[in-house]
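Biologist: I am new to this structure. Please take me through its enclosed spaces, one step at a time, and then its aromatic rings.

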Amino acid sequence: MSEFAKLWAEIAPIGRAESGGYLRYALTTPELTLRDWFRAQAARRDMTVTEDGNGNLFAWRGEPWAPGTVLTGSHFDSVPHGGGYDGPLGIVSAFLAADRLDPDRKIAIAAFAEEEGGRFGVPCLGSRLLTGAIDPDRAAALTDHDGITFGAALGRRPAGALPEIGQLAAVIELHIEQGRALAVPVGVASAIWPHGRWRMDFAGVGDHAGTTRMTDRRDPMLTFAFTVLAANKEARLAGAHATVGRVQAEPNATNAIPSLVRGWLDARAADTATLDRLVDAVVKKATERAGRDGTELTVTPESVTGEVAFDEGLAQRLAGKLQGAPILPTGAGHDAGVLSAHVPTAMLFVRNPTGVSHSPAEHATDADCEAGIEALATVLEDLT
């Protein structure tokens with residue numbers, strides 16, 4: 001059994017649901033168990049572990065935040081019933097890559113908090129706090145489905161931005177590729193599409209499903225359903241992506257016309273202008289439909305991230321060290337994208353043979369994961 005397979009087997013059962021996917025929400029028992037595993041791995045390698053007050057963990061070889069340190073790693077948390085590789089692969093690979101380096105190399109391994117936004121609704125929350133991209137008080141007040149705030153789960157008000165982030169020499173995040181773009185085991189990222197999440201509240205009049213005439217109804221579910229179809233159409237016309245994967249209805253009763261339907265629009269495009277046009281078109285059509293249905297629409301941007309172009313020189317350097325590895329963009333967001341505004345940043349992708357991600361079917365072969373570890377070690381050695 002390879003070193004990767006042995007280490008991967010240690011975390012594979014943690015947080016696995018009956019669906020075969022994972023429920024590793026930030027700061028819940030499975031994710032806290034993985035954090036303990038992270039500390040144990042660091043201790044095995046005589047690495048110092050620190051926390052930044054924002055939920056992020058760091059294992060250091062050398063002094064914490066020493067100038068010239070190269071940071072790698074990823075996140076443990078998952079989307080609901082997501083795959084096992086999205087996030088943890090980058091952390092497992094980081095520890096194994098560290099094993100292949102001389103002990104005097106100044107590296108750090110990170111486990112970022114709430115990258116998926118699966119519990120508190122804002123993706124890359126830990127890295128946003130670390131870099132000052134979100135206000136700590138706003139972050140502290142974010143709530144999960146049970147009404148627990150991020151501040152309460154964290155046990156404190158988030159510390160917010162750490163100026164020491166600017167002392168890092170580079171950030172390299174290894175991640176499973178989340179499409180079908182790689183024909184070889186390892187690639188290098190060029191950019192992240194601009195993307196965001198918009199909460200759409202459709203308000204109507206709740207009433208009895210059996211006694212309210214169809215002509216008298218002000219049913220927000222109709223407006224919502226129209227909006228889902230409109231988002232799909234507008235995204236296809238724009239060559240972009242739009243998804244409504246989460247919805248809540250009140251009172252959520254089979255025999256009641258809902259009084260409120262709340263849905264979340266995830267939209268992504270190759271450039272900011274296209275993304276803006278897409279969202280504007282969806283909102284315009286939804287608003288017009290609400291007028292016909294006698295309902296009301298309120299749109300709230302919950303997180304919007306502009307286009308991220310990774311350091312071109314660094315990407316070319318990585319591709320050169322990896323014997324011409326392909327350079328490709330991605331439509332998925334990552335902590336590396338947040339950090340790129342403050343530190344030269346690049347990403348390595350490990351081939352995903354099916355392209356499926358955020359699903360139990362997400363997969364990478366052990367051989368490709370080993371190739372990713374070797375590539376990461378090569379890059380870290382070069383940069384340190």
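What volume does the largest cavity have?

Modeller: This is a predicted model. The largest cavity has a volume of about 40 Å³. The structure holds 2 cavities of 30 Å³ or more.

Start with the walls of the largest cavity. Its lining includes Asp 77, Ser 78 and Val 79. Gly 82, Gly 83 and Asp 86 also line the largest cavity. Glu 116, His 358 and Glu 362 are among its lining residues too. By class, this lining has 4 charged, 4 polar and 1 nonpolar residues.

Now the second largest cavity. About 30 Å³ of space lies in it. The lining of this second cavity divides into 6 nonpolar, 2 polar and 2 charged residues. Strand E3 (70-75), strand E5 (170-176) and helix H10 (335-339) each supply at least two of them. Among the lining residues are Leu 71, Phe 112, Ile 172 and Leu 339.

Next, the rings. A search of the whole structure finds 12 aromatic pairs. In one of them, Phe 38 meets Phe 76 edge-to-face, with 6.4 Å centre to centre and 90 degrees between the planes. Phe 38 lies in helix H2 (residues 29-44) and Phe 76 in the loop between E3 and helix H3 (88-99), so the pair ties together parts that are 38 residues apart in sequence. Phe 38 is buried, at 0% relative accessibility. Phe 76 is buried as well, with a relative accessible area of 1%. Ring pairs link Phe 38 and Phe 76 with Trp 37 and Phe 95 into a cluster.

Two charges sit over rings elsewhere. Arg 246 lies over the face of Trp 264, 3.7 Å from the ring centre. The charged end of Arg 292 sits over the ring of Phe 226, at 5.9 Å from its centre.

Methods
Residues are numbered from 1 along each chain as its sequence is written. This is a predicted model: local features need pLDDT of at least 70, side-chain atom pairs count only at pLDDT 80 or more; totals for chains, interfaces and linings use all residues. Side-chain values use heavy atoms; hydrogens and water are left out. On a 1 Å grid over the protein atoms alone, a cavity is a set of points where a 1.4 Å probe fits but cannot get out, and a pocket is an open set with protein on both sides within 12 Å along at least five of seven lines; lining residues have an atom within 4 Å of a point. Grid points are joined across faces, edges and corners, and a volume is the space filled by probe spheres set on the points. Ala, Val, Leu, Ile, Met, Phe, Trp, Tyr, Cys and Pro count as nonpolar, Asp, Glu, Lys and Arg as charged, and the others, Gly among them, as polar. Helices (H or I, at least four residues) and strands (E, at least two) are DSSP runs, numbered from the N terminus. Rings of Phe, Tyr and Trp (its six-membered ring) pair if their centres lie within 6.5 Å; planes under 30 degrees apart count as stacked, over 60 as edge-to-face and the rest as tilted. Buried means under 20% relative accessible area, exposed over 50%, partly exposed in between (1.4 Å probe, protein chains only). A charge sits over a ring if NZ of Lys or CZ of Arg is within 6 Å of the ring centre and within 35 degrees of the ring normal.
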